[in-house]
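Grab a pencil and work through these exercises with the model open beside you. Try each task yourself before you read its solution.

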Amino acid sequence: MKKILFAASECVPFMKTGGLADVVGALPKEFDKNEWDVRVVMPNYRGIPEEYRNNFEYVTHFYMGVGPYIPNVHVGIMKYVYNGITYYFIDNLDYFGAWEPYSDTRTDVERFTFFCKAVLSILPVIDFRPDLIHCHDWQTGLIPVYLKTEFAANPFFWGIKTIMTIHNLRFQGVWDIKTMRGLSGLPDELFTPDKLEFKKDASMLKGGIVYSDFITTVSNTYAQEIQTAYYGEGLDGLLSARNQSLFGIVNGVDYALYDPSNDAKIYRNYTERDHKEGKAANKAELQKQLGLEVNPNKYMIGLISRLTDQKGLDLVRYAMDKIIDDNTQVVVIGTGDPAYEEMFRYYAWCNSDKVSANILYSDDLAHKLYAAADSFLMPSLFEPCGLTQIIAFHYGTIPIVRETGGLKDTVIPLNEFEDTGDGFSFSNYNGEELINTVNYSKYIYFEQPELWNHMVARAMEKDLSWGVSKKRYEELYNTLIGR
């Protein structure tokens with residue numbers, strides 16, 4: 001039996017702020033339980049829903065020193081088996097007693113430094129020795145560092161391999177070296193430019209990249225992009241140097257959660273065979289619910305996103321007046337930068353029958369929009385993978401994307417002459433290109449309905465489930481474990 005431990009700061013269904021949680025929640029379930037024993041460790045946040053928390057089993061607790069600033073700290077271990085997967089929760093009220101997983105950077109750097117050391121420290125106690133620890137994002141970046149330094153003398157840890165997955169390189173867990181040394185207890189010689197030092201500070205993610213055996217990121221294109229200065233966030237040189245150990249694997253989607261044929265959150269279920277009637281019924285109900293003009297002939301564009309610059313919303317701001325017309329409705333779901341929240345509220349106020357701005361995150365409403373919208377807008381500045389376009393495909397909703405990262409890897413642009421493709425895309429980060437691409441999608445929708453329906457059928461047939469990506473991870477795991 002091959003043993004894998006996933007370490008992450010969030011995981012569906014316990015805590016979610018982004019796509020990281022979806023990955024950590026979905027991927028472990030895909031492995032054959034006769035061959036793989038895959039377990040997950042994460043913090044025990046107070047915000048985990050009580051329906052799960054109330055069933056957690058107390059394992060034990062102990063006290064641990066992390067660094068000079070954290071000399072003696074409580075480490076509790078809770079355990080819960082859910083959908084056949086064993087989850088461990090690191091319990092410490094001082095660090096994880098909040099309802100939300102993240103706070104200011106200084107607080108987060110301290111709590112996740114503690115988490116990294118606690119993950120390794122609990123393994124002998126729970127009697128689980130993984131062949132490999134799969135670390136996700138900067139919050140777990142110090143696990144490979146501790147494993148190769150402070151824990152290296154302990155025979156229990158000999159031979160454990162690590163993979164570091166970068167979900168978004170922009171977030172790195174950076175703080176000043178003196179504080180990081182005091183929090184982590186790591187020796188001075190690790191805080192050098194070839195190890196943890198980053199622009200005179202220290203980066204937890206950089207530590208993970210330097211010390212892990214393999215590095216993965218969540219699409220092939222993003223793996224290439226982050227080796228360039230434009231996308232590399234200051235780590236492009238290191239990633240280029242490690243490019244023989246760097247792999248891109250596109251995220252999948254858990255089709256058990258996102259399937260229009262049995263999705264209880266949408267107004268009417270449908271399949272590829274009756275998608276026209278199904279999507280029309282969902283559109284009419286959503287128009288009614290949101291106070292938009294109820295009209296089957298409106299072209300509905302959906303946008304579900306964190307409202308930040310990364311998501312290309314400055315292009316949307318430039319294009320919005322030209323996107324909205326008498327034949328088009330725009331529905332937005334998301335929160336983020338107050339300037340963008342206000343922008344969408346303003347457009348909804350001026351165009352109440354055409355624009356709906358839902359400045360919140362509602363999973364229920366998101367499902368309804370996937371089923372109702374005709375197209376989905378994702379003009380990202382950069383996008384490591386993106387899940388929205390993958391989910392949209394399965395609901396027969398056509399993505400309009402910029403060719404970057406996972407968007408480029410998953411969306412095949414329409415070729416109307418050969419009748420191929422399942423989306424619309426543009427390459428340059430430019431508002432005029434966005435407008436032209438949206439207008440082209442409208443032309444196909446209104447003037448070439450047969451072509452549009454072929455696109456929808458191809459989109460719904462596309463297999464971007466975790467089963468495909470899992471095979472790539474198995475190959476990497478087997479390469480490292482060597483059996």
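**Exercise 1. Find how many helices and strands the protein chain has, then check its overall size.**

Step 1: Count the elements. The protein chain has 18 helices and 18 strands; these are DSSP runs numbered from the N terminus, with helices being H or I over at least four residues and strands E over at least two. Before you go on, note that this is a predicted model, where local features need pLDDT of at least 70, side-chain atom pairs count only at pLDDT 80 or more, and totals for chains, interfaces and linings use all residues. Residues are numbered from 1 along each chain as its sequence is written, and side-chain values use heavy atoms, with hydrogens and water left out.

Step 2: Check the radius of gyration, which is taken over C-alpha atoms. The globule rule is 2.2 Å times the number of residues to the power 0.38. For 483 residues, a compact globule would come out near 23 Å, and the protein chain agrees because its own value is 23 Å.

Step 3: Look at the extent. Along its principal axes, the C-alpha trace spans about 70 × 45 × 45 Å.

Step 4: Ask how much is hidden. Of the 483 residues, 60% count as buried (buried means under 20% relative accessible area, exposed over 50%, partly exposed in between, with a 1.4 Å probe and protein chains only).

Step 5: Check who touches whom. Take the contacts (heavy atoms within 4.5 Å) with a separation of 6 or more: residues 24 or more positions apart account for 73% of them.

**Exercise 2. Work out which parts of the chain are linked by the salt bridge of lysine 283 and aspartate 374.**

Step 1: Get the rule straight. Side chains of opposite charge can pair when their charged atoms come close. Here, a salt bridge is a side-chain nitrogen of Lys or Arg within 4 Å of a carboxyl oxygen of Asp or Glu. Searching the whole structure turns up 22 salt bridges.

Step 2: Test the pair. Lysine 283 and aspartate 374 pass, at 2.8 Å from N to O.

Step 3: Place both partners. Lysine 283 sits in helix α10 (residues 275-290), while aspartate 374 is in the loop between α13 (363-372) and β16 (375-378), so the pair joins distant parts of the chain, 91 residues apart.

Step 4: Check the cover. Lysine 283 is buried because its relative accessible area is 3%, and aspartate 374 counts as buried because its value is 7%.

Step 5: Find a neighbour. Asparagine 295, in the loop between α10 and β13 (299-304), touches Lys283 and Gln287, leaving aside residues up to four places away in sequence. Asparagine 295 is buried too, since its relative accessible area is 18%.

**Exercise 3. Are lysine 442 and aspartate 325 buried, partly exposed or exposed?**

Step 1: Start with the bond. These two form a salt bridge, with their closest N and O atoms 2.8 Å apart.

Step 2: Trace the link. Lysine 442 belongs to helix α16 (residues 431-447) and aspartate 325 to the loop between α11 (313-323) and β14 (328-333), with their positions 117 residues apart in the chain.

Step 3: Compare with the cut-offs. Lysine 442 is buried because its relative accessibility is 7%, but aspartate 325 is partly exposed because its value is 25%.

**Exercise 4. Which elements cover the buried residues of helix α6?**

Step 1: See how hidden the helix is. Helix α6 (residues 177-184) has six of its eight residues buried, including Ile177, Met180 and Leu183.

Step 2: List the cover. It includes α4 (105-126), α5 (142-148), β8 (174-176), β9 (197-198), β10 (201-203) and α7.

Step 3: Step into α7 (residues 204-211), where you'll find leucine 205. Leucine 205 counts as buried because its relative accessibility is 0%. Among the residues it touches are Trp138, Met164 and Phe171.

**Exercise 5. Where is lysine 199, and what is the sign of its phi?**

Step 1: Locate lysine 199. It lies in the loop between β9 and β10.

Step 2: Read the angle. Phi of lysine 199 is near 55°, a positive value in a residue other than glycine.

Step 3: Check the surface. Lysine 199 is exposed, as its relative accessible area is 62%.

Step 4: Try lysine 200, found in the loop between β9 and β10. Lysine 200 has a positive phi of about 75° and counts as exposed at 73% relative accessibility.
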